[in-house]
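Colleague: I should like to go through this model with you, one local feature at a time. Please give the reasoning in each case before the value or name.

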Amino acid sequence: MIFAINEINQDRSILPNVTLGWRIYDNCGTMDILRAGLALVSGLRQEIQDGNCTKRETVQAILGHSGSTPIIPFAQVVGRFNIPVISHFATCACLTNRRMFPTFYRTIPSDYYQSAAIAKLIKHFGWTWIGVIAVNNYYGLNGVASFVQSAQEYEICIEYSEAFSSSGPPEQLQKIVEVIKRATSRVILAFMSHREINILAAEIYKRNMTGFQWVGSDAWITDYSLADSEGHGILVGSLGFVVSKTHIPGLEDHLRRLHPSQFPNSQFVRDFWESVFDCSLVNSLNAKRKPCTGTESLQNVDIDFTDVSELRFETNVYKSLYAVAHALDDLLKCEEGKGPFANGSCAEMQNIQPSQVLHYLDNVDFTTREGQRVYFDSYGDSPARYELVNLQTTSKGTLEAITVGIFDASFPESQQFIINNESLMWGNNSMLVPVSVCSASCDPGTQKVLIKGKPVCCYHCIRCPAGEITNTTDALQCLKCPSEFWSNEQRDTCVPKVVEFLAYTELLGYLLVLFSLIGWFLTMITTLIFYCHKETPLVRANNSELSFLLLFSLTLCFLCSLTFIGRPSEWSCMLRHTAFGITFVLCISCVLGKTIVVLMAFRATLPGSNVMKWFGPLQQRLSVFGATLIQVLICILWLTINPPFPNKNMLYYKNKIILECSLGSPIGFWAVLGYIGLLALLCFVLAFLARKLPDNFNEAKLITFSMLIFCAVWITFIPAYVSSPGKFTVAVEVFSILASSYGLLFCIFMPKVFIILFQPDKNTKKHIMGKTQNYIQY
């Protein structure tokens, strides 16, 4: 402070023709500090004792105190007299209360910013489960309160929070150590001064408790006394934020010029001098030491007092003095009529009031020679900029605070915290980052489920249900995949659902195609055989024209089953159902025509019968055409009103998309199917009535059996079709088509093919007419 004032007094650019003076009160204890404050308020040159109080020579600003606890009552008292109080070390966030502390300023950031920086630091390393220990005073308790608010924002949980003081009972310390020992958290935030951390570290060292990562507040993290405490090795690897260190040119020379003659009444200077030079000053009580010669000098002595390489909080004192000087300079440079007070008035130089200095302090904004900007916000706080330090051991075995990062609250949120992880040292010289969590992080594919009765940091990791995913760690809930996507096995990615349809490439499709082609091939062979033997009695007697038309329709039936296999499209969906309906009606109408011919032929053999002229070849063709035309009209109406179309069915399976042909109009589908069933039933009834006719008309037996198979297949088709899932619905329909087609082919044509190829002796007119004649004679 003295160095800064001397520097200001010698600087012609600030406060020209004005000399700053000072008075230093160096007593400790809250009551002594309050007495000093009242003395400065009253204007007396000595401290107030026993209530002697007069008013004169009031100071314009008070610098100090360094502690938050004593500054709280001090600032409250002095604030009533509108005297600015500027602290270089009181960090308690409670001092930002402008109603209680209207004249308080500080050149050190509030614990609010330190707590936010510590929370960012803890979150950076993934420590979500920590313990907190504080000194039991305003500084510690309010610091913890500020940290708790910041911790909640970053989802950091506090396992325990304890407080003690260096002057408290030993049992209190023992209780806290037991709490630390039983706790599962490995990271401890210590919001306390160097006195408490030294005591705590020594006790933990005595109990041989290791494996803790300490995070310290600025009150102790760079304190020199740590190296002198028992068990200071416990604190190796500690991290903490502290105000930035700055070089102050000329300060070292100023300190080296110190001599006891400059401060004859200072006991501190006398004790310091005698300790450094191991001698005794005049009138000293220490007679064991040799007398000082008077030539002793600090110029060539390297001690902590003259080491200015680690100036941190001293810089804040320096900035405090310059803040007051700039406020006074602005006050004295005020132009009458442009002043900030009533009617544009300025302060009187011979009668400056502290309240006037307050106004100018609010508007102070300057940059020091070292490039640091100084100003105060509406709460009296200065810019929040910290260095992150890491306590590391030196080659001499002592602790050294190494700067490993910075925190600057004036930067954007994402750029406030910068850290160099490579230069960090952890406890026991380990290079691995300590772990302190209540529950391990939940991997992608799982979600956090809180444990009842425990903090939010304690949870179970539950695998996401099928169809839901998480692609981040520690997800609070799983996200449903879009309708056409499904979760993979790891539940961390949505993948397209499997599109399922009856394909040619799969075994079921391959088999159906094979049976369809075999049926087509057998039908073509049968047609060829019949064509080659079309003049034989057997072929002629069985209505060759309808037989060839039936074989043609069977060929179409076998081939139309192929339209049901493969990826459904708009055209294939319309073609498969209409082709199936029309070809089967053509087939059944041919069978129905053959059945009617059998009945009519039998009637024609009776004496006096003339029925065959009413059902000759032309009528047979017209009946087949008419029956088929009705089905064609039904299909045209179906396709016109509401045709089948390809549809993605996502209801039957959750993890698959069934690509199917939607019926469009179910009425159309069942009308087509019902008409086929009606013809088949009519054909079955007529064939059943003609089943006992003689052998030359025995197609009725074969038709009866074929219609029995046909009806059985399609009756069982209905429940199978309705209940089959996905592509098996199509497979059931194709199977029904093939089964009924094979039934017609084998029952009606295979016996005749067998006679034509292997029993040609029965393929004669005599053999065919034999049974008929016997029947008529009977």
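Colleague: Is I582 buried, partly exposed or exposed?

Modeller: The model is a predicted one, and I582 belongs to helix α15, residues 570-604. Its relative accessibility is 27%. Buried would require a value under 20% and exposed one over 50%, so I582 counts as partly exposed.

Colleague: Which residues is I582 in contact with, leaving aside its neighbours within four places in sequence?

Modeller: One indication comes from the backbone: the C-alpha atoms of I582 and C635 are separated by 8.1 Å, with these positions 53 residues apart along the chain. With neighbours within four places in sequence left aside, the contacts of I582 are T628, Q631, V632 and C635.

Colleague: What is the accessible area of the nonpolar surface patch that includes Y510?

Modeller: Y510 is placed in helix α12, residues 507-532, and is exposed because its relative accessible area is 51%. The nonpolar patch on the surface joins Y510 with L507, L511, L514, F515 and I518. Together these residues have an accessible area of about 570 Å².

Colleague: Which element gives the largest share of the lining of the largest cavity?

Modeller: A search of the whole structure yields one cavity of 30 Å³ or more, and the volume of the largest cavity is about 60 Å³. Of its 13 lining residues, those closest to the centre are F501, L502, P568, L659 and V730. Two elements, β24 (656-662) and α19 (727-758), give two or more residues to this lining. The largest share, four residues, comes from β24.

Colleague: How many residues apart in sequence are the parts that the salt bridge between K120 and E413 ties together?

Modeller: Side chains of opposite charge can pair when their charged atoms come close. In the pair K120 and E413, the closest N and O atoms are 2.6 Å apart. K120 lies in helix α4 (residues 111-124), whereas E413 is in the loop between β14 (399-408) and β15 (417-419), so the parts tied together are separated in sequence by 293 residues.

Colleague: Which partner of that pair, K120 or E413, counts as exposed?

Modeller: K120 has a relative accessibility of 12% and therefore counts as buried. For the other partner the value is 52%, so the residue that counts as exposed is E413.

Colleague: In which helix do R256 and E252 both lie?

Modeller: The side chains of R256 and E252 meet in a salt bridge, at 3.2 Å from N to O. R256 counts as buried because its relative accessibility is 9%, while E252, at 32%, counts as partly exposed. The two residues are four apart, about one turn of the helix, and both lie in α8.

Colleague: Are R312 and E387 buried or exposed?

Modeller: R312 and E387 form a salt bridge whose closest N and O atoms are 2.9 Å apart. R312 is in the loop between β10 (290-291) and α10, and E387 is in strand β13 (residues 385-393), so this pair ties together parts that are 75 residues apart in sequence. As to accessibility, both R312 and E387 are buried.

Colleague: Which residues are joined into one network by salt bridges that share partners?

Modeller: The count of salt bridges comes to 17. One residue of the network, E7, is among the buried residues of helix α1, residues 2-10. What covers the buried residues of α1 includes α8 (251-256) and α10 (313-332). The network formed through shared partners consists of E7, D11 and R369.

Colleague: Which peptide bond is cis, with omega near 0°?

Modeller: Most residues other than glycine have a negative phi, and most peptide bonds are trans. H65 lies in the loop between β1 (62-63) and α3 (68-79). The bond that is cis, with omega near 0°, runs from G64 to H65.

Colleague: What is the phi of N343?

Modeller: N343 is located in the loop between α10 and α11 (354-362), and its relative accessibility of 80% means that N343 counts as exposed. N82, in the loop between α3 and β2 (85-87), also is not a glycine and has a positive phi, of about 60°. The phi of N343 is positive as well, near 55°.

Technical notes:
Residues are numbered from 1 along each chain as its sequence is written. This is a predicted model: local features need pLDDT of at least 70, side-chain atom pairs count only at pLDDT 80 or more; totals for chains, interfaces and linings use all residues. Side-chain values use heavy atoms; hydrogens and water are left out. Buried means under 20% relative accessible area, exposed over 50%, partly exposed in between (1.4 Å probe, protein chains only). Contact means heavy atoms within 4.5 Å. Patches are made of residues with over 30% relative accessible area and no salt bridge: like charges are joined within 9 Å, nonpolar side chains (Val, Leu, Ile, Met, Phe, Trp, Tyr) within 5 Å. Accessible areas come from the Shrake-Rupley method with a 1.4 Å probe; for residues, only the protein chains shown count as cover. A salt bridge is a side-chain nitrogen of Lys or Arg within 4 Å of a carboxyl oxygen of Asp or Glu. On a 1 Å grid over the protein atoms alone, a cavity is a set of points where a 1.4 Å probe fits but cannot get out, and a pocket is an open set with protein on both sides within 12 Å along at least five of seven lines; lining residues have an atom within 4 Å of a point. Grid points are joined across faces, edges and corners, and a volume is the space filled by probe spheres set on the points.
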